[in-house]
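I opened a fresh page for this one. My plan was to start with the fold, go on to the contact between the chains, and end with the backbone oddities.

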Amino acid sequence: MTEFTPLTGFAGGILIGLAALVLMAGNGRILGASGIFGGLLTLSFEDEFLWRVVVVVGILAGAAGSAWLGWFDPATIAYGGSTATLIAGGLLVGAGTALGSGCTSGHGICGLARVSPRSIVATGVFMAVAIVTVFAVRHLGGA
Amino acid sequence: MGRFLSFALAGLLFGAGVTVSGMVNPMKVLNFLDFLGTWDPTLITVMGGGLVVTFIGYRIILRRARPLFAGSFQLPGTRIIDAKLVGGAVIFGLGWGLSGFCPAPAMASLVFGNIQSLIFVAAMAAGTLAMRAILHRPPSQKELAEVEG
């Protein structure tokens with residue numbers, strides 16, 4: 001069980017939205033975590049790599065700072081499955097976002113805000129597939 | 001300098017957002033996806049908060065001629081809904097549903113020092129590189145013939 005936390009949920013959502021605005025106003029880019037992550041997987045350590053490193057260091061600092069300020073208790077973190085499930089999940093998330101050009105932030109927030117037809121389709125599809133996956137795992141006695 | 005500070009600020013806000021909202025906890029995401037079980041609707045409020053801000057903010061920002069620290073806005077140009085987009089979303093949805101992790105919370109959760117997050121992010125890197133290798137592989141003669149046919 002996890003508790004429904006609409007206030008911190010909404011507050012966190014606003015922070016994510018502000019992050020997207022800062023990136024767009026400053027550098028004209030969509031805030032997409034999978035694209036930023038993918039850009040780190042390179043051997044060309046130039047500007048396109050460096051700015052992504054700065055964003056990711058910021059993400060880590062933002063997460064650590066939030067916990068330090070008492071806005072989140074890291075002890076509440078619980079993982080859903082076995083190590084094998086995590087590896088399979090990671091491989092699929094990496095492959096799927098590389099193929100579909102986006103994830104929950106790029107398509108699910110920035111793309112929907114721009115009313116991009118591609119992002120509307122992508123978000124609908126990954127939400128539906130994830131819901132079916134959880135149903136299969138939790139209620140049909142799967143892995 | 002301002003340019004790099006803006007990247008750092010975007011990262012800080014992003015990391016704080018996924019953490020404060022609880023999205024760094026995969027169980028919370030899995031419970032959101034579990035309508036028929038232990039449903040936790042929090043993710044809707046996160047997306048709602050993010051969308052309210054970006055929907056309004058993008059409209060104001062994109063009226064400007066250019067961003068503060070770059071020559072132009074770099075918005076995705078393609079509008080084509082193809083098999084790559086849908087297939088990618090299916091694969092991502094499968095991984096998200098299995099793990100409860102999407103890329104930003106997975107990266108952010110690394111600071112909490114759990115080995116599970118590290119395993120997930122390493123697998124995510126491997127998946128990204130594998131897909132990139134598949135996409136950039138030169139097409140076979142058979143595929144070229146099919147495209148032309």
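**Entry: handedness inside chain A**

I note at the outset that this is a predicted model. I began with a helix pair within one chain. α5(A) passes α6(A) in a left-handed crossing. I then looked up the geometry. Helix α5 of chain A spans residues 106–113 and helix α6 of chain A spans residues 117–139. Their axes come within 8 Å and cross at roughly 145 degrees. I listed the residues that meet. From α5(A) they are H107(A), G108(A), G111(A) and L112(A). From α6(A) they are R118(A), S119(A), I120(A), A122(A) and T123(A). By class, I read three nonpolar, five polar and one charged in this contact of α5(A) with α6(A).

**Entry: chain A as a whole**

I stepped back to the chain. I found six helices and zero strands in chain A. The pattern along the sequence reads α-α-α-α-α-α. I checked the extent along the principal axes, where the C-alpha atoms of chain A fill a box of roughly 45 × 35 × 35 Å. Chain A has 143 residues, and 55% of them are buried. I also looked at contacts with a separation of 6 or more in chain A. Residues 24 or more positions apart account for 41% of those.

**Entry: an enclosed helix**

I turned to α2(A). How many of its eight residues are buried? I got six, so α2(A) is largely enclosed by the rest of the structure. The buried residues of α2(A) are A33(A), S34(A), G35(A), I36(A), F37(A) and G38(A). I then asked what the buried residues of α2(A) pack against. Within chain A, I found α3, α4 and α5. From chain B, I found α5 (103–109) and α6.

**Entry: where the chains touch**

I moved on to the contact between the chains. It takes 102 residues from chain A and 105 residues from chain B. I looked for the helices behind the chain A side. α1 (6–27), α2 (33–40), α3 (47–68), α4 (83–100), α5 and α6 of chain A each supply at least two residues. Which helix gives the most to this side? I found α1(A), with 21 residues. By class, the side of chain A that touches chain B has 65 nonpolar, 33 polar and four charged residues.

**Entry: two helix pairs across the chains**

I took α1(A) with helix α3 (residues 42–61) of chain B. The axes of this pair come within 7 Å and cross at roughly 30 degrees. I used the cut-off here: angles under 35 degrees count as roughly parallel. α1(A) and α3(B) are therefore roughly parallel to each other. Their crossing is right-handed. I read 16 nonpolar, eleven polar and no charged residues in the contact of α1(A) with α3(B).

Next I took α4(A) with helix α6 (residues 115–136) of chain B. They pack at an angle of about 40 degrees, with their axes 6 Å apart. I therefore logged α4(A) and α6(B) as oblique to each other. α4(A) passes α6(B) in a right-handed crossing. The contact of α4(A) with α6(B) has 18 nonpolar, seven polar and one charged residues.

**Entry: the nonpolar core**

I looked up the largest nonpolar core and found 82 residues. Those with the most contacts inside it are A19(A), A20(A), F126(A), A10(B), L13(B), F14(B) and M107(B). α1(A) supplies the largest share of this core, twelve residues. I followed F126(A) further. Leaving out residues up to four places away in sequence, F126(A) touches A89(B), F92(B), G93(B) and W96(B).

**Entry: positive phi**

I closed with the backbone. Most residues other than glycine have a negative phi. I noted two exceptions. S101(A) is not a glycine, yet has a positive phi of about 55 degrees. S101(A) lies in the loop between α4 and α5 of chain A. V115(A) is not a glycine either and has a positive phi of about 50 degrees. V115(A) lies in the loop between α5 and α6 of chain A.

Is each one buried or exposed? I counted C-beta neighbours inside 10 Å. S101(A) has 22 and so counts as buried, the cut-off being 20 or more. V115(A) has 10 and so counts as exposed, the cut-off being 12 or fewer.

Notes: Residues are numbered from 1 along each chain as its sequence is written. Chains are lettered from A and ligands numbered from 1 in the order in which they are written. This is a predicted model: local features need pLDDT of at least 70, side-chain atom pairs count only at pLDDT 80 or more; totals for chains, interfaces and linings use all residues. Axes are lines fitted to C-alpha atoms, for helices over the stretch in contact, and angles run from 0 to 180 degrees between N-to-C directions. Helices (H or I, at least four residues) and strands (E, at least two) are DSSP runs, numbered from the N terminus. A crossing is left-handed if the near helix is turned anticlockwise from the far one by less than a right angle, and right-handed if clockwise. Two residues are in contact if their C-beta atoms, placed from the backbone, lie within 7 Å. Ala, Val, Leu, Ile, Met, Phe, Trp, Tyr, Cys and Pro count as nonpolar, Asp, Glu, Lys and Arg as charged, and the others, Gly among them, as polar. Angles under 35 degrees count as roughly parallel, over 145 as roughly antiparallel, 65 to 115 as roughly perpendicular and the rest as oblique. A nonpolar core is a set of buried Ala, Val, Leu, Ile, Met, Phe, Trp, Tyr and Cys residues joined through C-beta atoms within 7 Å.
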